[in-house]
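Let's take a walk through this model together. Keep the structure open while you read, and turn it as we go.

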Amino acid sequence: MYSRRPAFQTLCIFFAVTVLSATANAAKVMAAELIADGFKQPTYICSEPNDASRLYVLERSSGKILLIKNGVLQSKPFLNIGDRVSSDRDGEQGLFNLVFPPNFGPDNKFFYVCYSDIFGASIVEAYKIGSNPDKAKKGSAKQILEIQGTENIHFAGQMAFGPDGNLYVGRGDGGPADDPLGRGQDKNILLGKLLRIKVNKDKSYKVPTDNPFVGQSNVKTEIWAYGLRNPWRFSFDRLTGDLYIADVGQNWMEEIDFQPASSTGGENYGWNIAEGLECQGGGGTCGTNAGFTPPIHQYGHTGGVAVIGGYVYRGNAIPEMQGRYFFADHGFTTISSFINNAGTVTDLQDHTNELEPDGSNTINSISSFGEDADGELYIVDIGDGEIYKIVPRP
Ligand SMILES: [Ca+2]
Ligand SMILES: [Ca+2]
């Protein structure tokens with residue numbers, strides 16, 4: 001999922017990093033409202049594509065998906081695949097993600113999950129709901145992808161349906177640190193990549209004919225973009241179709257990569273040669289090497305440990321936030337947003353203080369954002385099992 005590096009964190013204080021300074025005096029218009037708690041290490045939240053009243057929360061190590069229906073947490077899990085999901089003490093394994101296809105409903109009862117399995121592989125599977133929409137059929141599992149890892153780290157773990165109807169799947173480099181075998185740049189393996197596949201009705205998949213490396217030899221044609229280390233979270237802007245990939249850095253730089261909706265794929269985001277705009281480990285200008293697509297935003301380890309990618313806000317509740325891309329840092333528990341002006345980041349704002357909950361609640365440790373059917377955003381606190389909704393400040 002992400003790595004904690006407290007020792008290096010301390011070291012990094014002595015290095016200067018390039019970071020757009022955040023606006024300190026932006027008006028407070030948002031608040032974080034606790035909507036549910038009591039989860040065991042939640043990793044994700046989402047709703048059905050057309051129904052924000054049905055929210056699904058994933059638990060990392062229990063392998064459970066829990067349903068919040070009209071604000072009420074249902075006592076029985078929607079799905080429990082704890083016997084398939086691996087989990088570890090350091091938190092990089094487990095149940096990572098859930099995605100509903102855009103046409104989910106009576107005519108298409110399948111949805112997709114991804115997790116690390118007990119053999120160390122990344123798995124993408126389809127499951128189906130039965131006549132009871134609050135309960136998925138465990139026996140309906142159909143495996144779509146299995147990608148073997150190596151070190152049981154850097155799985156990534158995000159999926160999303162693009163505006164083109166294809167399923168995008170992120171996969172980290174698999175470790176170990178620094179990607180010594182150069183998997184990020186090796187187009188003949190699926191590690192360290194963003195994949196793009198078309199899921200068939202029978203839940204097998206095919207490679208879209210317009211994937212960027214189709215027709216080339218010694219490449220995996222599932223690859224849409226490469227040179228990624230651990231793209232734990234990525235998302236499409238639901239209005240524009242632009243793609244934001246938050247790639248967790250090694251010891252130096254956290255970065256947010258960008259593809260406009262017009263992209264035809266094939267971007268090389270530079271890992272393990274580059275780390276952000278610099279070279280792996282810091283220094284130099286490898287991130288802008290010919291052929292590399294540099295991040296649109298980066299920050300060093302004086303201000304963070306592991307970037308948690310979020311969403312471009314497209315909800316109606318908080319008009320002031322319209323069009324802002326939200327992201328967080330897992331280690332520093334900061335929450336920020338910016339405006340992306342055709343690849344140029346402007347108006348970076350730090351919302352950490354603004355989103356500090358009232359009363360005795362605290363956002364302890366962020367594993368993910370979530371976006372519901374209405375475009376409203378959520379914060380997943382893996383630290384003590386809480387789910388917050390970002391709401392207008394009362
Ligand atoms: Ca990069
Ligand atoms: Ca908390």
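**Sheets, loops and a few odd bonds**

Start with an open sheet of 4 strands, ordered E7-E8-E9-E10 and paired antiparallel. E7 and E10 sit at the edges with a single partner strand each, so one side of each has no neighbour in the sheet. On average, neighbouring strands here are turned by 25 degrees against each other, direction ignored. A few words on terms: two strands pair if DSSP finds at least two bridges between them. Strands (E, at least two residues) and helices (H or I, at least four) are DSSP runs, numbered from the N terminus. Axes are lines fitted to C-alpha atoms, for helices over the stretch in contact, and angles run from 0 to 180 degrees between N-to-C directions.

Before going on, a word on what you're looking at: this is a predicted model, where local features need pLDDT of at least 70 and side-chain atom pairs count only at pLDDT 80 or more, while totals for chains, interfaces and linings use all residues. Residues are numbered from 1 along each chain as its sequence is written, and chains are lettered from A and ligands numbered from 1 in the order in which they are written.

Back to the sheet. Edge strand E7 (residues 95-99) is mostly covered, with 5 of its 5 residues buried. Buried here means 20 or more other C-beta atoms within 10 Å of the residue's own, exposed means 12 or fewer, and partly exposed is in between, with C-beta atoms placed from the backbone. E7 is joined to strand E8 (residues 110-116) by 4 bridges, and the two run antiparallel. Within that pair, look for leucine 95, which stands opposite tyrosine 115 in E8. Further along, strand E9 (residues 121-129) pairs with E10 in the antiparallel sense over 8 bridges. There, glutamate 125 stands opposite glutamine 143 in E10. If you're following side chains, remember that in a regular strand they alternate between the two faces of the sheet.

Now leave the sheet by way of E10. Histidine 154 is in the loop between strand E10 (136-148) and strand E11 (159-161). Is histidine 154 buried or exposed? It has 31 other C-beta atoms within 10 Å, so histidine 154 is buried. Leaving aside neighbours within four places in sequence, histidine 154 is in contact with Gly172, Asp173, Gly174, Gly175, Arg229 and Asn230. (Contact means that two residues have their C-beta atoms, placed from the backbone, within 7 Å.) Tryptophan 232 is 78 residues from histidine 154 in sequence, yet their C-alpha atoms are 8.2 Å apart in space.

One of those contacts, Gly175, leads to a backbone oddity. The peptide bond from glycine 175 to proline 176 is cis, with omega near -5 degrees. Proline 176 is in the loop between strand E12 (167-171) and strand E13 (193-199). Aspartate 179 is also in the loop between E12 and E13, and has a positive phi of about 50 degrees although it is not a glycine. With 25 C-beta neighbours inside 10 Å, aspartate 179 counts as buried. For context, most residues other than glycine have a negative phi, and most peptide bonds are trans.

There's another positive phi at aspartate 347, again about 50 degrees and again not a glycine. Aspartate 347 is in strand E25 (residues 344-350), and counts as partly exposed, with 14 C-beta neighbours inside 10 Å. A cis peptide bond also joins tryptophan 271 and asparagine 272, with omega about 10 degrees. Asparagine 272 lies in the loop between E18 and strand E19 (274-275).

E18 brings us to another open sheet of 4 strands, in the order E16-E17-E18-E21, with antiparallel pairing. Strands E16 (233-236) and E21 (297-300) are at the edges with a single partner strand each, so one side of each is left without a neighbour in the sheet. Neighbouring strands are turned by 10 degrees against each other on average, direction ignored. In the middle of that order, strand E17 (residues 243-247) and strand E18 (residues 253-259) pair over 5 bridges in the antiparallel sense. Isoleucine 245 has aspartate 257 in E18 as its bridge partner.

Zoom out to finish. The chain has 1 helix and 28 strands, and 49% of its 394 residues count as buried. The pLDDT (the predictor's confidence in each residue, from 0 to 100) averages 93 over the chain, and 93% of the residues score at least 70. Over residues 1-19 the pLDDT is below 50, although this stretch has 32 contacts in the model beyond near neighbours in sequence. Where pLDDT is low, the predicted coordinates should not be read in detail.
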